[in-house]
Amino acid sequence: MSKTIIVSNRLPVRISHENDQLEVQVSEGGLATGLGSIYKTGDNIWIGWPGVEIQEEMKSKVTALLQKEKLFPVYLNEEEILNYYEGFSNEVLWPICHYMSTYAQFEQIYWDYYKSVNEKFKDEVLKVANPGDTIWIHDYQLLLLPQLIRQELPDISIAFFQHIPFPSFEIFRLIPWRTEIIAGMLGADLLGFHTYDDVRHYISSASHLLHVSGQGNKMINRGREIVVDAFPMGIDAKKYQDLANSEKVRQQYQEYEPMFQDMKVILSIDRLDYSKGIIQRLNAIEMILTRHPEYIENIILVMIVVPSRDTIPQYKELKDEIDKIVGNINARFRTASWHPVQYFYRSFPIETLSALYSRADIGLVTPMRDGMNLVSKEFIASRRSENGVLILSEMAGASKELTEALIINPNSVGEVYEAILQALQMPEEEQKTRMRALSATVRKFDIFHWVKIFMSQLQQIKEAQQMNETKVVNRKTSELLIKELQTAEKRVFFLDYDGTLVGFNNEIDKALPDASLYDLLKKLTNQKKNKVVIISGRNHETLEKWFGDFPVDMIAEHGAWKRIYGNKWEVIPGLSDAWKETVRPMLESYSDRTPGSFIEEKNYSLAWHYRKVDKDLGEQRAGELSNNLTYLTRETGLQILPGNKVLEIKSVEVNKGKAALSYLQDKNFDFILAIGDDHTDEDIFTSLPAYATSIKVGSRLTAADYYLKNVEDVRGFLEKFVE
């Protein structure tokens, strides 16, 4: 029976070892709660690091205890924790993903350990994974794992979710090992992020670094479709709502009443981190008290900072600065019975946090960069009344959903200050209107909804992949086609050149035929029943130079020229190139302002190539040029053909489909095979007789009968016909 395997850096447990007794306590955190609905059912399991170093003699005992909870440990030693976790994960990926690139430490040893620990996780997954299983990998510590598993289990279902932001390409490219990271993630079938911005950033990085093709949020890598999508994560809203109304929390709430009296309580809860914007919100509170002394003794900031990595210099410096600013504010403004900032550098039980969420008038959540930020949602779900105001950073993923909050730019202390003032002065009715809408969003899009939607999307992707796999040229397909070939007396092969017989090259003159291609064509043409037709957009002079001595027929410039072996080249009667004088100046204009682009002139067509141009600029310029050419050529009988990083302009009379049909006239072939890779080859696929077989290279979005992944597969496929 198939199962789901959850893989994360940490298992959802706390392990304690006291009085020679081991105790495993399962966490009730947000992710653990949501994924509990998966891993605690059926044969499903969770793989991860227990969170502490376990001595060798204790491992078997710990493993047995964990596996009772369906948890499978990956044990890490001190060096691995230091270099993979504290090192690469938290001193390279964390600062880069949070746009704090000056804090990144690009140490080779960090990367070496990151790779080896991802391999270690792969080994543990392979011990328990079977065909038909689903593997769901979580977060930035395991970015290489999807591809590592894919290499071993090519058909298994793999999903990945990143819980922190994904940076823009300009930031991400600073990482020396960026290409390997992107390739690792592409092993997944579904890549999930919190926001659409993260989706865009990942697709941009993938297309720049690995040149993967795609459309919208779908990418094609080695013939496999990968979906990249946004799945805003929620919380267990009902749990927080019930907790706020529990007797224990009610008692704590009552204890706060005499402490806070009639003061407006501003609540700030964060882990110690430079990405959280703690300094800026303290500066804003100081500005409030300086400019509005009427709030002295009438407001209070309850600030909880949970200790984290405070042995790392940047974190220690941050804590020292927080301590200093809090001390200065309290020293300046406190009175005998009041001080403005109640600062706690420690963690609290969830019941205490629930009581504070309920009592606070304002939730102050202003990270400089955050994947989602669940504190904002916990604040909303814990409200026992419908009032209260949430101030939320636009840099947090939650801001895309919680639009009724006061959304601010955390880099502007002035904006934070203005938002606090607005919240303090907001009428009760407006508070309730906003909070009702926020509560409805948090309740509807909770953690269980997130899990359900994500897994449903993964299932749809796998079903679509399986449907597409029925079109791939596999062993069974090859055998059927070979049988057809063996019974045929007259066979013809229409073969495109660039992207079909040879790989794509930024230098068009370097995409030369090699010895193995010549050998393949020789084998095909040696069989007397075969006719080979090279049908290409290349000019006829180039095809003549490359294949003139071979017994192949050739169609050049998409059908403008043709040559039957042994005869001279012929051109379609009546073709004119007078239109070039009108079109060429526009192409020259775009070449002049697009470095790397160039014009290729053929006898009866013009092509504007942008294969050497920066991807985004090239696509933008190609779109502009296509629009302008459409206007220019609307009534001139010309056609604009988009190709692989090229726009070609030619007469509508010139068409690969028409050329192929013309070639077939009166020849009575009983086996027809056409293979091509781009838009121009679709004309052949749609024009051939119903009994013909057509194959698209590198894409499933086609009118062809089948597809092959790449040039190597095309050559391997054709080799089978001549064996």
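Visitor: What is the order of the strands in the open sheet of eight strands?
Guide: The model is a predicted one, and what follows should be read with that in mind. Its open sheet has mixed pairing, and the edge positions, where a strand pairs on one side only, are taken by strand E22 (570-571) and strand E29 (706-708). Reading across from E22 to E29, the order is E22-E21-E20-E19-E18-E27-E28-E29.

Visitor: Which residue of E21 is the bridge partner of Met554?
Guide: Strand E20, covering residues 553-556, is joined to strand E21, covering residues 561-563, by three bridges, and the two strands run antiparallel. Within this pairing, the partner of Met554 in E21 is Arg563.

Visitor: Which strands of the sheet does helix H23 touch?
Guide: Helix H23, made of residues 656-664, packs on the sheet, and its direction makes about 160 degrees with that of E18. The strands in contact with H23 are E18, E19, E20, E21 and strand E27 (671-676).

Visitor: At about what angle does helix H19 run to E19?
Guide: Helix H19 is formed by residues 515-526 and lies across two strands, namely strand E18 (491-495) and strand E19 (530-535). With respect to E19, the helix runs at about 140 degrees.

Visitor: How many of the residues of strand E24 are buried?
Guide: Strand E24 spans residues 605-609, and both of its faces are covered. In a regular strand the side chains alternate between the two faces of the sheet. Here Ser605, Ala607 and His609 lie on one side, while Leu606 and Trp608 lie on the other, and all are buried. The count of buried residues in E24 is therefore, with buried meaning under 20% relative accessible area, five of five.

Visitor: Which residue of E26 is the bridge partner of Ser605?
Guide: E24 pairs with strand E23 (residues 598-601) in the antiparallel sense over four bridges, and the two form a hairpin with three residues between them; in that pairing, Glu601 has Leu606 as its bridge partner. E24 is also joined by five bridges to strand E26 (residues 646-651), again in an antiparallel arrangement. In E26, the residue that partners Ser605 is Lys650.

Visitor: Which helix gives the most residues to the largest nonpolar core?
Guide: In soluble globular proteins, nonpolar side chains tend to be buried together. The largest nonpolar core in this model has 139 residues, and those with the most contacts inside it are Val7, Ile181, Tyr202, Leu282 and Ile420. With nine residues, the helix that gives the most to this core is H3 (residues 78-97).

Visitor: Is Glu80 buried or exposed?
Guide: Glu80 is found in helix H3, and beyond four places in sequence it touches Tyr75, Tyr85, Tyr113, Val117 and Lys120. Because its relative accessible area is 9%, and the cut-off for burial is under 20%, Glu80 is buried.

Visitor: Why does Pro340 count as buried?
Guide: Pro340 is found in the loop between helix H12 (313-333) and strand E14 (341-344). Leaving out residues up to four places away in sequence, its contacts are Leu289, Ile300, Leu301, Ile329, Asn330, Phe333 and Arg334. Pro340 counts as buried because its relative accessibility is 3%.

Visitor: What distance separates the C-alpha atoms of Pro340 and Lys528?
Guide: Pro340 and Lys528 are 188 residues apart along the chain. In the predicted model, the separation of their C-alpha atoms is 94 Å.

Key: Residues numbered from 1 in each chain as written. Predicted model: local features only at pLDDT ≥ 70, side-chain atom pairs only at ≥ 80, totals over all residues. Heavy atoms only, no water. Buried < 20%, exposed > 50% of the residue type's maximum accessible area, 1.4 Å probe, protein only. Contact = heavy atoms within 4.5 Å. Core = buried A, V, L, I, M, F, W, Y, C linked by side-chain atoms within 4.5 Å. Pairing = 2+ DSSP bridges. Axes fitted to C-alpha atoms, helices over the stretch in contact; angles between N-to-C directions.
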